[in-house]
Each structure stands twice: as C-alpha cells, then as structure tokens.
Amino acid sequence: MVLWARPGRDEDERAVVRRLSRARKAPRDAVMRARMIELSRSGLRVPAIAVELDCSQKTVRCWLHRFNRSGLQGLEDLGGQGRKRRITEEERSRIISLVKTVPPGRLRWQPVGELWAFDESGPPEWTLDCLAAAARAEGIEVGRSQVRRILLAEGVRWRRTRSWMRSKDPDFVPKGQGSPASTRTRPTTRR
C-alpha cells in the first residue's frame, strides 16, 4: 500500500509546512519532517523520500503517519521521554533550604558568654556528605553527587567562605595594608 501525506486541512497549515520545510533557522529535525511532508505531497513515494533526505524508510513512514493522524502537532517531538526525576521539586527546595540553616555542630555564643553547639557530634560546616545525610534524615533519598548537582544548578554555595578572615572577638584587629612590592614597575612609554 502506498503511503502519502494527507492534503492540508486549510491554507494556513499548508503555508506553515511550506515555510518550515524551507526554514534555515528552525530546528533541523522539524525542517526535515516538514520536507518529508512536502516531498510526499509533490508525488514522491516513501523510498524516494528516504533517499532524498538520507534517512530510513521506516522514519519517513513514521512521520507521515503521525502527520496524517495529528497534523502539525504530529511533527513535534513527544514530551516525557527519558528517565523521570527521582525526587520532586518540593524535595529539591527542601535540600536547598538546608544550606541556609545553621549546621547543628556550629559553635554559637550563649548570652552568658560561653560557646555551645546544638549537637556537638554534628557537622560544624555544611559539606556535601553532611547535606546528603541531613536530607536522608528528613526522608529524602538522595546521594552526595545529586546534592552537588542540585546546588550547582541553583547557584547555591554550601560552604562558608574562609572563616579565618573574620572574627567575632571584639579585640581582634585586622591586618593593615599589605607591604609594597620590592621592585617598582617601570612606566610604559609609547614608542
């Protein structure tokens, strides 16, 4: 049985397929599928279309059937392909919010002037391993590498920057200006 692309439902559909088949800045797959429809409408059969577009006959038949059944929507890729996410968006946001909390092992000043930690055995700083363990404690099954990918995608820092550069000690005096270079640079002159 010979397979042909159905005639356009209206002039708008025919114009869209014609314009897409000649487009230079559209996605390559969409252009190729529109060309299959145009070549079929011009009278070429499936084997000749496959040779012309350098693809298999099975591919041409697939896209002609989809176009005949669904029209222009049949030329688009189907969504939902690939592996589904293992954790939900809500769980991702809970992992991100963990970074904003104070780690349980971080020392804090009590009002009486003593240092204390909420959980002395807990981590004083967030690391990927600590974040993954805290997420698992909240019931989110996630690994260290997945936590890293989530935080990188959101642009979230999970480490505090250089704690030795600042101090809560009122008697602490920061270093002064750095020493000058030992040799002076010569000014550049134009030749």
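The following exercises, each with a worked solution, concern a predicted model of a protein chain.

**Exercise 1. The chain as a whole**

Task: Determine how many helices and strands the protein chain has, and in which pattern they follow one another.

Solution. Step 1: The protein chain contains seven helices and two strands. Step 2: Along the sequence, these elements follow the pattern α-α-α-α-α-β-β-α-α. Step 3: Of the 191 residues in the protein chain, 28% are buried. Step 4: The chain exposes about 14900 Å², and carbon and sulfur atoms supply 51% of that area. Step 5: Taking contacts between residues at least 6 apart in sequence, 47% join residues at least 24 apart.

**Exercise 2. The packing of H1 and H2**

Task: Describe how H1 and H2 are oriented to each other, and state which residues meet between them.

Solution. Step 1: Helix H1 spans residues 11-21, and helix H2 spans residues 28-41. Step 2: Their axes are 8 Å apart, and the two helices pack at an angle of about 120°. Step 3: Angles from 65 to 115 degrees count as roughly perpendicular and those over 145 as roughly antiparallel; H1 and H2 are therefore oblique to each other. Step 4: The crossing of H1 and H2 is left-handed. Step 5: From H1, the residues Glu13, Arg14, Val17, Arg18, Leu20 and Ser21 take part, and they meet Ala30, Val31, Ala34, Arg35, Ile37, Glu38 and Arg41 of H2.

**Exercise 3. Three residues of H1 and H2**

Task: For Ser21, Ser40 and Arg41, decide whether each is buried or partly exposed, and list contacts beyond four places in sequence.

Solution. Step 1: Ser21 is located in helix H1. A residue counts as buried under 20% relative accessible area, so Ser21, at 11% relative accessibility, is buried. Setting aside residues up to four places away in sequence, Ser21 touches Val31, Ala34, Arg35 and Glu38.

Step 2: Ser40 belongs to helix H2. With 3% relative accessibility, Ser40 is also classed as buried. Apart from residues up to four places away in sequence, Ser40 touches Leu3, Trp4, Ala5, Ile49 and Leu64.

Step 3: Arg41 is likewise found in helix H2. Its relative accessible area is 27%, so Arg41 is partly exposed. Beyond its neighbours within four places in sequence, Arg41 contacts Ala5, Arg6, Pro7, Gly8, Glu13, Arg14, Val17 and Phe67. The C-alpha atoms of Arg41 and Trp4 are separated by 7.0 Å, although these residues are 37 residues apart along the chain.

**Exercise 4. Helix H3 and the residue after it**

Task: Identify which residues of H3 are buried, what covers them, and where Asp54 is found.

Solution. Step 1: The buried residues in H3 are Val46, Ile49, Ala50 and Leu53. Step 2: These residues cover an arc of only 100° around the axis, and so they lie on the same side of H3. Step 3: The cover over the buried residues of H3 includes H2 and H4. Step 4: Asp54 is found in the loop between helix H3 (46-53) and helix H4 (57-70). Step 5: Just after H3, Asp54 takes a positive phi of about 55°, although Asp54 is not a glycine. Step 6: With a relative accessible area of 71%, Asp54 is exposed.

**Exercise 5. Helix H6 and its partners**

Task: Explain why the buried residues of H6 line one face, and describe how H5 and H6 cross.

Solution. Step 1: In helix H6 (residues 128-137), the buried residues are Leu128, Leu131, Ala132, Ala134 and Ala135. Step 2: Seen down the axis of H6, these residues fall within an arc of 165°, so they line one face of the helix. Step 3: The buried residues of H6 pack against helix H5 (89-100) and helix H7 (144-154). Step 4: The axes of H5 and H6 come within 10 Å and cross at roughly 125°; the two helices are therefore oblique to each other. Step 5: The crossing of H5 and H6 is right-handed. Step 6: Ile95, Leu98 and Val99 in H5 meet Leu131, Ala134 and Ala135 in H6. Step 7: Just after H6, Gly139 takes a positive phi of about 95°.

Definitions and conventions
Residues are numbered from 1 along each chain as its sequence is written. This is a predicted model: local features need pLDDT of at least 70, side-chain atom pairs count only at pLDDT 80 or more; totals for chains, interfaces and linings use all residues. Side-chain values use heavy atoms; hydrogens and water are left out. Helices (H or I, at least four residues) and strands (E, at least two) are DSSP runs, numbered from the N terminus. Buried means under 20% relative accessible area, exposed over 50%, partly exposed in between (1.4 Å probe, protein chains only). Contact means heavy atoms within 4.5 Å. Accessible areas come from the Shrake-Rupley method with a 1.4 Å probe; for residues, only the protein chains shown count as cover. The arc is that of the directions from the helix axis to the C-beta atoms. Axes are lines fitted to C-alpha atoms, for helices over the stretch in contact, and angles run from 0 to 180 degrees between N-to-C directions. Angles under 35 degrees count as roughly parallel, over 145 as roughly antiparallel, 65 to 115 as roughly perpendicular and the rest as oblique. A crossing is left-handed if the near helix is turned anticlockwise from the far one by less than a right angle, and right-handed if clockwise.
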